[in-house]
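Colleague: Could you take a close look at the metal site in this model, and then set the charged side-chain pairs beside it? Please state the cut-offs as you go.

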Amino acid sequence: MKIAFHTLGCKVNQYETEALKNNLSAKGYEIATDEGAIDIYIINTCTVTSLADRKSRQYIRRAKKLNPHSVIAVTGCYAQVSPEEAAGIEGVDIVVGNEDKMNIPEQLEKFFADKPVQNGSKSQDAGNALLDASKLNESVMSEYELLQNADEYFEIGIISEVGSRTRAFIKVQDGCDRFCSYCIIPYARGKLQSRPLESIVSEARNLIDKGFKEIVLTGINTALYGVESSFSDDIESVIKALNSLAGDFRIRLSSLEPTVIDASYIKKLFKYEKLCHHIHLSLQSGSDKILKSMNRRYSMDEYMQIIKVLTEFDPEYGISTDIIVGFPEETNEDFEESLKITENIDFCKVHVFKYSNRKGTTASTMRGQIDGTEKSKRSAVLITAGDTSAVRFFEKNLNKEKKVLIEEFVEDLGCYTGYTDNYIKAYIHKTHLQSEHFNCNHANNGTANSNHITGNRSSSDNIDKYVNEFVNVRLTEIFEDGMLAEPIEFETKEEKKMSNCIFCKIVNKEIPANVMYEDDKVLCFHDITPKAPVHVLLIPKKHIVSMDDVRPEDQELMGYMIVKIKEIAETLDLENGYRVVNNCKKDGGQTVDHLHFHILGKRQMIWPPG
Ligand code: 5GP
Ligand code: ZN
């Protein structure tokens, strides 16, 4: 049977759709890639605004119109919050809440087993749909507790290749218990469920091995990762664990809420070099009064402190935000505060939302609801201010060097596009990339990994060879939605360090040394000022600064070096014994910042040393 999917709303929904697709295709269903004869539609809905509800309903109707005999299953947040409404739409056969979303394959089996189907759908009449769980509609609004019974994070499968070949999403948690007064999500998504760290790491490992170069951590409220009392990890633990994985990839956070993540917490994230300099920090309003009424639990002052810390660390740190206009009792002065902040901060993107009244939330019954025309007016003003803010951000980035992950080639433009780590859409002209002078680091030696991603394309497929590669660029011109980027070759911080390192120079034969052993991983040479009759140094060819900089991925190399020490000692006739020394950093007496083991022998050595 052929199944078509349609997903509305957030990344978590998209992620869950992908997981469902994998699950169902493993069960033998055919995943539709066109709009042809579809047997089953799975519509993963959203309810974040009334517009989302409307779109969800529209799509259901559209599917039924295109394939009148298809079976229609509706899931997601709209199905969770308004199950009866969803079931009442003509042609809907199955309604499944978020909690049971991953059981849709079983629901389908049950559906077909219960009533033998003739000609597809069984429920041509409106209101006939199977409501998966009778508790669904009860749980809405008043009985949030009913959603609390799913106590374990459900594993939804390992693959999450959403849309792109370059960027993969990993869902790290579900649910939100913050109850912002305007927000329906806690009712739709239920209680907090963080995913065990090992499970996240193994999914990340898998995706990196498949060749994905950007891992986006996503969730309903990512900042709440691990706040459950049963967890000892938090979102920093996730970043730390992923940062230490081997491979050429970067990590992006989809969104962090300023309530949970304050200025001092943010600072702790700066040391993870794989983490992109981009953060989505929802502001929602520039007025303390409105923030309070929204139950946002932070003040403008606290928000500004985070911005200060970020921009002091990196003036071009990409900061995007969400702002709601027309919240109940938002006066002109309150709105002006939101406008002022948008004019003062150089946001890389401002998403403006008109307040949408969601039944069942605290704000829905507040006095002072703002009328639609006024909301539209404020929204238009703020959108313009947001665009201007982005232009200022682009201006700050003019002539700056950035690293772009190329995502696609856009035929019409003759350009490759991708994002810088601080989230600027970069346009790279194909002639610039393909010029003889520029040689993209990895593009010419397609690894097994990238072949996996590109499938069976031939290696002569020139256009494709830069996709999913990192390219260093200079940003040279501002466009409406991004910047022109010219590829350059510049030294990364790591490369700069290496070009100043004497031991790297010895490795590269730029300065001479009395080498006694060499292979592709290590080099062994005589110390220039020997402290014993035999004094050699064993170093890794890879530039590792000190023992303190050894990472989990170096484990094999370290073991290899220890074995080499023994072999070298044998060739140096040190059968009476020898000493192996590693001096680590300043207090350890390290003078050359490239990891090395001293091997000393041919005299008796006293202990302890001086
Ligand atoms: P550390 O004090 O960092 O543990 O050891 C550095 C060692 O490298 C010292 O014993 C020093 O004599 C040696 N060294 C420093 N520069 C050079 C050089 O250019 N060539 C060689 N062969 N050894 C060097
Ligand atoms: Zn070095």
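Modeller:

**The zinc site and the salt bridges**

The zinc ion (ligand 2) has as its protein donors Cys501 (SG), Cys504 (SG), His543 (ND1) and His594 (ND1), which lie 2.0 to 2.3 Å from it; donors here are N, O and S atoms within 2.8 Å of the metal (3.2 Å for Na, K and Ca), and since water is not among the atoms, sites may look incomplete. This is a predicted model, in which local features need pLDDT of at least 70 and side-chain atom pairs count only at pLDDT 80 or more, whereas totals for chains, interfaces and linings use all residues. Residues are numbered from 1 along each chain as its sequence is written, chains are lettered from A and ligands numbered from 1 in the order in which they are written, and side-chain values use heavy atoms, with hydrogens and water left out.

The four donor atoms around the zinc ion (ligand 2) subtend angles of 101 to 116 degrees, and the arrangement is therefore tetrahedral, a term that requires, for four donors, all angles to lie between 85 and 135 degrees. For reference, the ideal angle for four tetrahedral donors is 109.5 degrees. Along the sequence, the donor residues of the zinc ion (ligand 2) follow the spacing C-x2-C-x38-H-x50-H. Cys501, in the loop between helix H17 (493-499) and helix H18 (502-507), and His594, in the loop between strand S22 (578-581) and strand S23 (597-601), are 93 residues apart, so that the pair links distant parts of the chain (helices, H or I of at least four residues, and strands, E of at least two, are DSSP runs numbered from the N terminus). Cys501 is buried at 6% relative accessible area, and His594 is buried at 0%, where buried means under 20%, exposed over 50% and partly exposed in between (1.4 Å probe, protein chains only).

As for the charged pairs, the count comes to 39 salt bridges, each being a side-chain nitrogen of Lys or Arg within 4 Å of a carboxyl oxygen of Asp or Glu. One of them joins Glu469 to Lys213, with the closest N and O atoms 3.3 Å apart; Glu469 lies in the loop between helix H16 (448-454) and strand S17 (470-478) and Lys213 in the loop between helix H8 (197-209) and strand S9 (214-219), so the pair ties together parts that are 256 residues apart in sequence. Glu469 is buried at 4%, and Lys213 is buried at 12%.

Terms used. Four donors count as tetrahedral if all angles lie between 85 and 135 degrees; four count as square planar and six as octahedral if opposite donors are over 155 degrees apart and all others between 65 and 115; anything else is irregular.
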